[in-house]
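Trainee: Could we go through this model together, one question at a time?

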Amino acid sequence: TKTEKYHLVFTEWVKLLQRVDSDDKIIFVFIRQLIEKGVLAQSDSFVEFIKASLELSVLTFKESDPTGEVFTAIDALGKLLMKLFVYQDFNKYSRSEYMNIIFSVFLLVFAKDHENGEGSFNERPYFKLLSNILYEWSILRNHNFIKVSDSQTRKELANYDVDFYNTFASYLHSLQPFAFPGFSFAWISLISHRMFLPIVLRLPQHGGWEKLMLLIIDLFKFLDQYTIKGNISDAISVVYKGTIRIILGISNDVPDFLIENHYELMNNLPATYIQLKNVILSAIPLKMLVPSPYGVELDVDALESCEEPPMVFYDPVADIASLKKPVDNYLRIPSNSLLKTIMNGLLREDYELKSGIGYDTLTVNSKLVRAIVLHVVIEAGLENGRTSSNAVFNTKSSYYQLLFDLVHEGSIELKFQVIQVMIEQLRYPNIHTRWMIFVLKNMFTSEGWSDEKSTVQEIILRSIIERILVNKPHPWGLSVIFTQLLRSDKVKLLELDFIKRVPEIENIIKQL
Amino acid sequence: EMPNKMVSQLESSLLNCPDSLDADSPYLYQIPLSLPHPTSIFFPNEP
Amino acid sequence: FGLEALVPLIKPDDKELSKIYDHSMTLGADLTSMLHSLGIPRDSKRHRVLDTFQSPWAETSRSEVEPTFFIPDSFTHIPDVLQSNTKDTPPSFDSVQKDQQRVALFQDETLFYLFYKHPGTVIQELTYLELRKRNWRYHKTLKAWLTKDPMMEPVVSNDGLSERGSYVFFDPQRWEKCQREFLLFYNAIM
């Protein structure tokens, strides 16, 4: 049969690679013959050949002695795919189409195997093939593809580099745990692969960030779905551990990724993952020296770094949609009718099931709240740079007013959501952190709450303490504000009724 | 809640989780640096 | 949404309350050991860790992984020293008699590398011979190389079977020379 013929050809290739170095001229001749003798002439024969080779390689893996060399065929297949990628003429189709064919065939064979009810699916050979493709590409691309002798080919490959990683990421997105749970742990290993993650983080103009965020959000959504109160499986615990370890690695190597994407990360992070929340929001730009947040002499307003607006990769304005006009109009001239429009727009049409600390459902659109609050903070930061800090560090400014009014007029849940997002802005020293410290301190001591002062104070303290209670790290701005509240003569925490009502909290504050 | 089929697939994935050896560079033929030679039994015999 | 909601977090040992949240995810854990397993920091300095990331879990990170590396052509075609015949053939060491001169040009550490990397080959034998010429001796049980510390004269035992002195060892795990006081039995070295 045709398949058997393809198996024969592929087996020849595997044997050849066991005898000669992969850069030997014989290899080139073999590839040439594959093309010239019509094995790969048409795109459908190409697809069939790859399909047959992959199926054979996976079968070989499953039947090999597990203590011996199980990946011989898979390794050879990876090498073949990349050799074809470099040596072909690409007259009939482009490099991009070639890659899409490869990954599509992979997906086909993989999906069939995964869905096979007999339980014989094993993620390892599929992982190995994808790992090998990453390896081959990273060898090829080294020093701007200098090992490729033909200058035209070198140029084409260099132009394709960002696409390669984005294509790879797109297929990884298709392979996510929700779709193929039997591949979950291999998937997590692939998104954090040393020849994928650090490269994608550093592609020019952040060319890989959008797709990488897609993958991390896939992971967060999976965790969110199955982090059920009172019943978390061991497997999900292990997924969580791997996740936090990867985020720690990113925080060390490329903290800017977490800093600039914190908005979308917060939108998708499970609500009970307080330590992971802190890890993401504690990211500090490389080379920034940060003063101790506990220092008695610390004057946030005097820090140079606190004049700088942090970079934002994804502008939240895109998510405000129909509320953008009322929000921006309110920031120009506050009015009650605009406020009502905004507040109505924040209500959901149905309950959101959200497993949080102290709650299980939400009636307010938390993503919209986050988008609006961050938009206000960004605008305040820009205004600070444009005019002066007096315009913005001012309880009469429209920026402060909007946040104040949302908290004042809103339901308890809306108060909570707005305050939670405001406290997320307490990060490393920058203008957003500094402004938010100003806003929160003023809100805490404000007399403008009528009979709701105690409620607002309690929600602010709850939101701060839940982040401080957990194991480190704690974001700099969060530590600053909490320290200032503890030390303040104006604010006497231990005299507040709602503190006295919860002895466990009272004890903690007493100790601190 | 996770459907039963998904639970067993996820657990199977955990059992088969690739390790650092699986993620390592592929082992392909390379011209050996040196021919085999009988050396002292006291020398390390694993690279 | 108030402070009472935090009570289960403050009382992680309370049987009833601790069932609600998984504390490994809410309160989290002391991250020191996780950071240490990642190599953050390493040698008191901050290094990139994702380039040598072995696996998302410490349990599956039991071996080093080869990072991306680049060998410039000038390193692979060093004439007269490493090449046997033509420019295109990689270096090889196939004759104990003929290749001794080439091995004599290598630094100590290159010799150690080749000795440990290619067991049961001509090059392992060649590097053994060359290291001996340089007054290194191979310890049969430790499977490590050592040489006399030039600053100290060892004290030979009464039975003449051993000596106690100061030696420089090459540690292949840490890849460095280190000085140690040692009781050396002559029948243990070769």
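What follows is a set of questions and answers on a predicted model.

Trainee: How are the axes of helix α3 and helix α6 of chain A placed, roughly parallel, roughly perpendicular or oblique?
Mentor: The axes of α3(A), residues 43-63, and α6(A), residues 124-145, come within 9 Å and cross at roughly 125 degrees. Because angles of 65 to 115 degrees count as roughly perpendicular and those over 145 as roughly antiparallel, that crossing makes α3(A) oblique to α6(A).

Trainee: How many residues in the contact of α3(A) with α6(A) are charged?
Mentor: From α3(A) come L54(A), V58(A) and F61(A), and they meet R124(A), P125(A), Y126(A) and L129(A) in α6(A). Sorted by type, the residues of this contact include 6 that are nonpolar and none that is polar, and the number that are charged is 1.

Trainee: Which three residues supply more of the area that chain A buries against chain C than any other three?
Mentor: The contact draws 67 residues from chain A and 48 residues from chain C, and the two chains bury about 4,900 Å² between them, with 65% of it on carbon and sulfur atoms. Of the area that chain A buries against chain C, 17% is supplied by three residues, more than by any other three, namely R194(A), R245(A) and N252(A).

Trainee: Which residues form the salt bridge across the interface of chain A and chain C?
Mentor: Across this interface the rule finds 1 salt bridge. Its closest N and O atoms are 3.1 Å apart, where the cut-off for a salt bridge is within 4 Å. The residues that form this salt bridge are E504(A) and K11(C).

Conventions. Residues are numbered from 1 along each chain as its sequence is written. Chains are lettered from A and ligands numbered from 1 in the order in which they are written. This is a predicted model: local features need pLDDT of at least 70, side-chain atom pairs count only at pLDDT 80 or more; totals for chains, interfaces and linings use all residues. Side-chain values use heavy atoms; hydrogens and water are left out. Axes are lines fitted to C-alpha atoms, for helices over the stretch in contact, and angles run from 0 to 180 degrees between N-to-C directions. Helices (H or I, at least four residues) and strands (E, at least two) are DSSP runs, numbered from the N terminus. Angles under 35 degrees count as roughly parallel, over 145 as roughly antiparallel, 65 to 115 as roughly perpendicular and the rest as oblique. Contact means heavy atoms within 4.5 Å. Ala, Val, Leu, Ile, Met, Phe, Trp, Tyr, Cys and Pro count as nonpolar, Asp, Glu, Lys and Arg as charged, and the others, Gly among them, as polar. Buried area is the accessible area (1.4 Å probe) that two parts lose on being put together, summed over both. A salt bridge is a side-chain nitrogen of Lys or Arg within 4 Å of a carboxyl oxygen of Asp or Glu.
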